[in-house]
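Trainee: I would like to learn how to read a protein model step by step. Could we take one together, beginning with the ligand and then moving outwards?

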Amino acid sequence: MPARTAEVPVGAGEEMGKQCAFPWYGGKQFHLGFLLPLIPRDAIHYVEPFGGAASVLLNLPRYQLETFNDLLGGVVTFFRVLRDNPDELIAKLELTPWSREEFELADLQEEGLLDVELARRFLVRARQAYNGSLAQRGRRAWKYDARGKVSGVAKRWVDIPRRLARISERLQGVQIENRPALDVIRRHDARHTVFYVDPPYVHSARVGGGNRYQHEMNDDDHRDLADLLRSLRGRVVLSGYRNDLYDQWYADWRRIEAPAKKVPSRNRFKENKANTEIVWCNFDPYHTPATPSLFEDTSQRTSPV
Ligand SMILES: C[S@@+](CC[C@H](N)C(=O)[O-])C[C@H]1O[C@@H](n2cnc3c(N)ncnc32)[C@H](O)[C@@H]1O
């Protein structure tokens, strides 16, 4: 995620009536109006190999089969616990204040933590940090609101249990994996599968450069991903910022540019002129069957387009 959009106001996605578990670098909670209509509904299996905060999955209607994956263990533990043991997690969160001390005590590296405690700490770090980076130290690590500018973050925390209960419901039946994305893509490729692929942005396309995730991808990794995506039988919706590499590798895919949009920056919304969200598809998203069918083979690829 670029530096200019680094500070994601907690709950900004929620204001639009969308499900948002926590703010995340590169999270697509602000682009759902653009993205959701491009994801075919007539597939049987929906796969998100670079899941992050699951902003897309959580806001899609259910598919018969759904797979979420991320290489970051904390994200995966959080969603697994929320799916399988929501009552205990929510009860613990109800007793967790929005506080600097709580935030600093939320050490994700401590040995021997039970999954439910790891999940609780993960959410504290993800929601109470300034920038959705899980950062624990530093001048601007804990998000606080001294001048009424941070959209009532502490008040929103009180509402978290209710929001998480809804998200837990949506997660029922979702397969949650913690593996390298390319393995997951290979394993689940089929003609009736749709992949929403949202890898870390190509470095040259980022405004501020630098690493934003614990697990990043260099240009060679992006090339391996492109080789794999181009060989798939399933349909692919790939997100990113425009860059020379993708222009070359996906030249024969359908490219769709999001309309200019105001995105959050330093706790204000402003138009992000530097980076425009782009989607590349190996099919024509404007010509897919309107009615989902579980039994017909509706997944014929129309690529290249
Ligand atoms: C752009 S974010 C995804 C954001 C997500 N679409 C959302 O809306 O919240 C990219 C994610 O890919 C994950 N990631 C990076 N390298 C990975 C890999 N090789 N395999 C699986 N996940 C990876 C990162 O941990 C990060 O959460």
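**Reading the model together**

Mentor: Let us begin with the ligand, which has 22 residues around it, the closest being G26, G52, A53, S55 and A181. Please keep in mind throughout that this is a predicted model.

Trainee: How many residues of the shell around the ligand are nonpolar, polar and charged?

Mentor: Sorting a shell by class is a simple way to describe its chemistry, and here the shell around the ligand divides into 13 nonpolar, six polar and three charged residues.

Trainee: Before we go further, what does the secondary structure of the chain come to, and how much of the chain is buried?

Mentor: The chain has ten helices and nine strands, and buried residues make up 39% of its 305 residues. One can also ask how far apart in sequence the contacting residues are: among contacts between residues at least 6 apart in sequence, 72% join residues at least 24 apart.

Trainee: How do I decide whether a single residue is buried or exposed, for example L58?

Mentor: The general idea is to count the other C-beta atoms within 10 Å, and a residue is called buried if there are 20 or more of them, and exposed if there are 12 or fewer. L58, in the loop between β1 and β2, has 21 C-beta neighbours inside 10 Å and therefore counts as buried. Leaving aside residues up to four places away in sequence, L58 touches Q19, A21, I167 and R170. With R170 the separation along the sequence is 112 residues, while the C-alpha atoms are 6.5 Å apart in space.

Trainee: Is I39 buried or exposed, and which residues does I39 touch?

Mentor: I39 lies in the loop between α1 (32–35) and β1 (45–48), and this residue is buried because 21 other C-beta atoms are within 10 Å. Not counting residues up to four places away in sequence, I39 touches L60, V194, Y196 and V237. The C-alpha atoms of I39 and Y196 are separated by 7.5 Å, although the two residues are 157 apart along the chain.

Trainee: And what would the opposite case look like?

Mentor: Consider L95, which is placed in the loop between α3 and α4 (100–105). With 7 other C-beta atoms within 10 Å, L95 is exposed. The C-alpha atoms of L95 and V158, which are 63 residues apart along the chain, are separated by 9.9 Å.

Trainee: What is to be noticed about the phi of A54?

Mentor: Phi is a backbone angle, and that of A54 is near 60°, a positive value in a residue other than glycine. A54 is found in the loop between β1 and β2, and with 29 C-beta neighbours inside 10 Å this residue counts as buried.

Trainee: Now to the helices: at what angle do α3 and α5 pack?

Mentor: To describe a helix pair, we ask for the angle, the distance and the residues that meet. Helix α3 (residues 86–94) and helix α5 (residues 115–128) pack at about 50°, with axes 10 Å apart. That angle makes α3 oblique to α5, and their crossing is right-handed. On the α3 side E88, L89, K92 and L93 meet V116, A119, R120 and L123 of α5; by class, this contact has five nonpolar, no polar and three charged residues.

Trainee: How do α3 and α7 cross?

Mentor: The axes of α3 and helix α7 (residues 160–171) come within 10 Å and cross at roughly 165°. The two helices are therefore roughly antiparallel, and α3 passes α7 in a right-handed crossing. P86, I90, L93 and E94 in α3 meet I160, P161, L164, A165 and S168 in α7, a contact of seven nonpolar, one polar and one charged residues.

Trainee: At what angle do the axes of α2 and α7 cross?

Mentor: Helix α2 (residues 73–84) and α7 have axes that come within 8 Å and cross at roughly 90°, which makes α2 roughly perpendicular to α7. Here F79, L82 and R83 in α2 meet L164, I167, S168 and L171 in α7, and by class the contact has five nonpolar, one polar and one charged residues.

Key:
Residues are numbered from 1 along each chain as its sequence is written. This is a predicted model: local features need pLDDT of at least 70, side-chain atom pairs count only at pLDDT 80 or more; totals for chains, interfaces and linings use all residues. Axes are lines fitted to C-alpha atoms, for helices over the stretch in contact, and angles run from 0 to 180 degrees between N-to-C directions. Helices (H or I, at least four residues) and strands (E, at least two) are DSSP runs, numbered from the N terminus. Angles under 35 degrees count as roughly parallel, over 145 as roughly antiparallel, 65 to 115 as roughly perpendicular and the rest as oblique. A crossing is left-handed if the near helix is turned anticlockwise from the far one by less than a right angle, and right-handed if clockwise. Two residues are in contact if their C-beta atoms, placed from the backbone, lie within 7 Å. Ala, Val, Leu, Ile, Met, Phe, Trp, Tyr, Cys and Pro count as nonpolar, Asp, Glu, Lys and Arg as charged, and the others, Gly among them, as polar. A residue is near a molecule or strand if its C-beta atom, placed from the backbone, lies within 6 Å of it.
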